[in-house]
Amino acid sequence: MSSSSRLRHSAKSVGNLMRMVGSSCTCPAHSGRHGATHHVHSPGCATSHTRHASAATPRPEYAFEMATSTVRVGTGATREIGMDLANLRAKRVMVFTDPNIAKLAPLKTVVESLERSNVAHSVFKDVRVEPSDSSFQMAIDAARRYNPDAIVAVGGGSTMDTAKAANLYTVFRDAELLDFVNAPLGKGRAVDRPLLPLIAVPTTAGTGSECTGSAIFDLKAKGAKTGIADRALKPLLGIIDPLNTRTMPQQVRLASGLDVLCHAIESYTAIPYYQRGPAPANPLLRPAYQGSNPISDIWSARALRMVARALPQSVASADNLQAHEDMTLAAAYAGIGFGNGGVHLMHGCSYGISGLNKKYFHPEYPQDHPLCPHGISVAVTSPAVAEFTGSLFPERHLEIAEVLGADITNAKREDAGAILADALRAFLHRLGVPDGISAFGYGSSDIDALVESILPQHRVLKLSPRQVGAEQIAAILERSLKNY
């Protein structure tokens, strides 16, 4: 079956996608599990035969886990949240939101529902869009003072991530912020006991944070974005209510939707889970971002098809309610995919681009501090990343290119990266995405600083299908100065 047939015929897609991860390797870690699709080992591959030769070498990763929040999908479902918290016997609920959402219907609906169910609550309205270490700490301090027994997040990824951090450090009251932050910027401590119930009510269609155990923020002292990633952080329940996304400005629809696009692409092209490295000594240490696997592939591929169709429609019209609803589902699908499979170079580069931004202000976003929206900062390097990674898993790169509108009828495997890069440039240009990182004020003289900020992002860089170092990242950034 051709790649186009795999992506067009949903009745057959599940079986085909589960075979796509396959390997012709006959070693015990691979044989008989993923079908016969040939896999080319990348340099340093943890599953190369020479690595199997030594009995002293730790066993390569052989398992993957799927973890996601319970989700409730339905127009008007937000009105049930008070009953949910009453069912949990919550007595002190802390609600997190940002100053803009605090004025809008989604928060009002949540508060009214809590009041109807006689659930005591306090509202924290000072979440920072694109949170920083100081804004995280402010939310953590407020939560520790209030001492809630359940937490609600009403907003976009910034709010949900802030609520996750507040939840974590309320339970671990003596911990410092960097204790749980991903190494090497933090100590990477594992979460070894249950957190408070967290219900997430997304008001954007992008981050998928209602399904994941990740919380991202700017670490100002290092000039880089980083975060906390642990399955324990994932919400107990995500309420996906299309009514809550109808207030999104056009640029928020664009930026959050681009995040969905890149989540789907990166998790679908990430290194397979069995190549990530040695299996952990304890399953508690198995990372949330594990590499592509037969289950996350299904969610990522479906999200890609949905966003390719619905995002242009959503950006074009605030009144296209079907497109907006489709984007809320695509965000959750991609969240399940990347929340377990992971992301790699597009996100890794974005953390430096947004973290070092000193002068760019994006329209229709808060203007009180320089801000490059996360989805925008991720998307601008996507063409150059596709060119770089296309030699690994070229079939997948071609599938993605076809979904984005490319004709791959006579495409050669060796051209997969370039074909996908061109398809991405055309897609981004039609949407009016800023023209590369130069649009944010960066030039060639800034590449070294950007690379220094990006290199510590081990959690995501190690999932790249091709190994990267300073030289490769610098080349990707140079290629991303202008895209059109």
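**Entry 1: Phe393**

I began with Phe393, which counts as buried because its relative accessibility is 17%, under the 20% cut-off. This is a predicted model, so I keep that in mind for every entry. Phe393 sits in the loop between α13 (382-389) and α14 (394-403). Its phi caught my eye: the value is positive, near 55 degrees, and Phe393 is not a glycine.

**Entry 2: Arg89**

I looked up another non-glycine with positive phi, Arg89, where the angle is about 60 degrees. Is Arg89 buried or exposed? Arg89 is exposed, with 67% relative accessible area. I found Arg89 in the loop between α4 (81-87) and β2.

**Entry 3: a cis bond**

Next I checked the peptide bond between Ala183 and Pro184, and that bond is cis, with omega at about 5 degrees. Pro184 belongs to the loop between α7 and β5.

**Entry 4: the open sheet**

I traced the open sheet and wrote down its 6 strands in the order β1-β8-β5-β4-β2-β3, with parallel pairing. Which strands are at the edges? They are β1 (70-73) and β3 (121-124), and each of them pairs on one side only. On average, neighbouring strands here are turned by 20 degrees against each other, direction ignored.

I then zoomed in on β1, which runs parallel to β8 (residues 237-240) and is joined to that strand by 4 bridges. Val71 has Gly238 in β8 as its bridge partner.

A helix goes over this sheet too. I noted that α5 (residues 105-116) lies across β2 (93-96), β3, β4 (150-155) and β5 (198-202). Relative to β3, α5 runs at about 165 degrees.

**Entry 5: two neighbours in α7**

I moved to helix α7 (residues 157-171) and picked Met160, which is in this helix. Met160 is buried, since its relative accessibility is 1%. What does Met160 touch, leaving aside neighbours within four places in sequence? I listed Ala153, Gly155, Ala200, Pro202, Thr207, Ser209 and Glu210.

Thr159 is in α7 as well. Thr159 also has 1% relative accessibility and counts as buried. With neighbours within four places left out, Thr159 is in contact with Phe96, Thr97, Asp98, Val127, Ala153 and Val154. Ala153 turns up in both lists, for Met160 and for Thr159.

I also took one distance from Met160: its C-alpha atom is 9.8 Å from that of Ile216, with their positions 56 residues apart along the chain.

**Entry 6: a hairpin**

Ile216 led me to its pairing partner, and I found it standing opposite Gly227 in β7. β6 and β7 are joined by 6 bridges and run antiparallel. How much of β6 (residues 214-219) is covered? I counted 6 of its 6 residues as buried. The hairpin has 4 residues between the two strands, and Gly223 there has a positive phi near 60 degrees.

**Entry 7: helix α16**

In α16 (residues 447-454), I noted Ile447, Leu450, Val451, Ser453 and Ile454 as buried. Why do I say they line one face of the helix? Seen down the axis of α16, they fall within an arc of 160 degrees, so they do line one face. On the other side, Asp448 and Glu452 are exposed. I jotted down the general rule as well: an α-helix has 3.6 residues a turn, so residues three or four places apart point the same way.

What do the buried residues of α16 pack against? I found β7 (224-229), α11 (345-355), α17 (458-461) and α18 (470-479).

**Entry 8: the nonpolar core**

I went looking for the largest nonpolar core, which has 72 residues. The members touching the most others are Leu258, Leu261, Leu404, Ile437, Phe440 and Leu477. Helix α8 (residues 250-269) gives the largest share of this core, 10 residues.

I followed Leu477 further. Residues up to four places away in sequence aside, Leu477 touches Ile353, Thr381, Ile437, Ile447, Leu450, Val451 and Ile454. Among these, Ile447, Leu450, Val451 and Ile454 are names I had already written down as buried in α16.

**Entry 9: cysteines**

Last, how many disulfides are there in the whole structure? My search found 0. I looked at two cysteines anyway. Cys211 is buried, with a relative accessible area of 2%. Cys262 is buried too, at 0% relative accessibility.

Key. Residues are numbered from 1 along each chain as its sequence is written. This is a predicted model: local features need pLDDT of at least 70, side-chain atom pairs count only at pLDDT 80 or more; totals for chains, interfaces and linings use all residues. Side-chain values use heavy atoms; hydrogens and water are left out. Two strands pair if DSSP finds at least two bridges between them. Axes are lines fitted to C-alpha atoms, for helices over the stretch in contact, and angles run from 0 to 180 degrees between N-to-C directions. Contact means heavy atoms within 4.5 Å. Buried means under 20% relative accessible area, exposed over 50%, partly exposed in between (1.4 Å probe, protein chains only). The arc is that of the directions from the helix axis to the C-beta atoms. A nonpolar core is a set of buried Ala, Val, Leu, Ile, Met, Phe, Trp, Tyr and Cys residues joined through side-chain atoms within 4.5 Å. A disulfide is a pair of cysteine sulfur atoms within 2.5 Å.
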